[in-house]
Amino acid sequence: MAPPAQLANCVRGTFRASSFRPTLWRQRCLYHSYEYSQPPPFPPAEAAILSSAISHVPAFGFTLDALKLGARDAGYLDVSTNLLPRGVFDLVNYHLVMQRLALKDSVQFPTEAEQGTGKKIGIGAKVRTLTLARLRANEPVIHRWQEALAIMAQPSYAPPSFAELAKLADEIWFLAGDTSVDTSWYTKRASLSAIYSATEVFMTQDTSKNFAETEQFLDARLEDVRKFGGFLGALGEWADFTGHSAVNVLRSKGLRI
Amino acid sequence: MSAQIPKQLLRRQLLAGGRKKVARESSRCFSCSIRHAQQQTAPPKSPREGSATTHFGFETVAEALKEQKVGAVFSSVASSYDTMNDLMSLGIHRLWKDHFVRNLNPGRNPLTSPPNADQGWNILDIAGGTGDIAFRMLDHASTINNDAHTRVTVADINADMLAEGRKRALQSPYARTPRLKFVEANAENLDMISDASIDLYTVAFGIRNFTHKDAAIREAYRVLKPGGVFACLEFSKVNNALFDAVYKRWSFSAIPLIGQLVASDRDSYQYLVESIERFPSQTEFRDMIREAGFLVPGQGWEDLTGGIAAIHKGVKPA
Ligand SMILES: C[S@@+](CC[C@H](N)C(=O)[O-])C[C@H]1O[C@@H](n2cnc3c(N)ncnc32)[C@H](O)[C@@H]1O
């Protein structure tokens, strides 16, 4: 488990760091899903309970009930959910981690040799494809995703949720083949995180066929960044949007905010 | 340290207090220790193996004697027991117990459970003496999870503590129902409980008094169903040096004195304070739980109030 923890520390560290030192960062933290074989992300018993529980999320949401049903399916008892100290957040986190790690297999770009002399797929287009693939992985639980967002917004779970988002952005740029080590490295990851979050929230309210509007929304955000080159605008919008809906969900659960 | 001063007194009083217990319990105690001796063919992790002595607070005493001495302590504090807990926990042990129980979330909600599954949880509360944990468990199961089937067996080595528990049960809705049972038993040897029969094993502020903690944890493992949970609430190691110094000063000097005032029983309290100080650290205890075969959630424990107490859990693999 050392490498993920290390990565999380690095990510946190870099957000704090005032001097940009991308090269160093990459040397210390170079760690991506397919660089070398990794230990499984969750210990076996936890993985067994959580993977079964995920299949109950469409019907029961990100709830203790889904966890208990998962435990039963995996041959455990209701009480065995005590193995997961963060309860429902562990369930949300499982989904986040597994879908991030699944990206490298679900999206495969042709290698340069396979592409031959045809037009190359640009890094930007790859980022778009990967981001969309990740968003689509939320489809089976999209009607429950506001619940998940509300859980992630709770004070003790916000930092690990944020760290996981940073890992996702990093993974996407990495799989897209971005090798830049200049100061744009941070900007790219920060703007992608912001865009991803905003689109993810948009998607929970999207009733269009096959999430066509979500796709348009994503394209518009990516276009903004391309045109204006900054990520601050997008960040503002992201904060606003997420802040709002998370507050609403928490209110609907009886919290006075 | 002030622990040294009342030694004479301590020894005299405890032996005097223990004498009537010796008479009553001697046969059982001796047979227990013989059984221990047989059981310990499996290599015990305890460095104490082979030696016949153990700790009684900071005193080293013969193992057979510790059980009697602990018995004497709890007989003598049985009724003023809450006061003692209030002093040791700075008045917050009730909150810790509430948290302990709420977090375990006992009970099976019939509305959200598959109909074929068995009803309620089978809970064993070890060293449950006064029934404090048991009543909370049953209340939680009934009111939070609409579960009228979850049942608790309260086990304690000390008949006086059990009597206190039975008395208190009369003021609860659970007296004389199949949901609450009291049995006299040593945690290190739970012969009357069959293998793999328990969903949740709890021990609150009890395990530090056991002569062989590792044997007790192995018994817990035996009686739990696969997937069952071992949960222990116990005084632990304060993790902030300054707070630790303050708390130690408080517990070593103030508490025995107050104990004397409120219960006129300084020595029993002295023992309690010392036994807390002797208890293994959070990581050591977590490793003991792992050693017995349990999976531990996350880092294995949760500190309460800066580590004055901690909750350790283990899950028996399915
Ligand atoms: C401090 S009290 C805890 C009572 C209760 N669980 C609570 O939290 O309020 C400790 C209890 O452990 C019991 N005890 C000590 N050694 C024991 C043993 N070997 N087996 C079972 N119970 C034991 C004592 O009799 C006493 O009732």
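## Two domains of chain A and their interface

Q: How many salt bridges does the rule find across the interface of domain 1 of chain A and domain 2 of chain A?
A: Residues are numbered from 1 along each chain as its sequence is written, and chains are lettered from A and ligands numbered from 1 in the order in which they are written. The model is predicted, with local features needing pLDDT of at least 70, side-chain atom pairs counting only at pLDDT 80 or more, and totals for chains, interfaces and linings using all residues, while side-chain values use heavy atoms and leave out hydrogens and water. With a salt bridge taken as a side-chain nitrogen of Lys or Arg within 4 Å of a carboxyl oxygen of Asp or Glu, the number that the rule finds across this interface is 1.

Q: Which helix gives the most residues to the side of domain 1 of chain A that touches domain 2 of chain A?
A: Helices H8 (123–136), H9 (145–152) and H10 (158–175) of chain A, being DSSP runs (H or I, at least four residues) numbered from the N terminus, each supply at least two residues of that side. With 8 residues, the one that gives the most is H10(A).

Q: What area is buried between domain 1 of chain A and domain 2 of chain A?
A: An automatic or database assignment sets the domain bounds, dividing chain A into domain 1 (9–39 + 122–143 + 151–252) and domain 2 (41–116). Counting the accessible area (1.4 Å probe) that the two parts lose on being put together, summed over both, carbon and sulfur atoms give 74% of a buried area of about 2000 Å².
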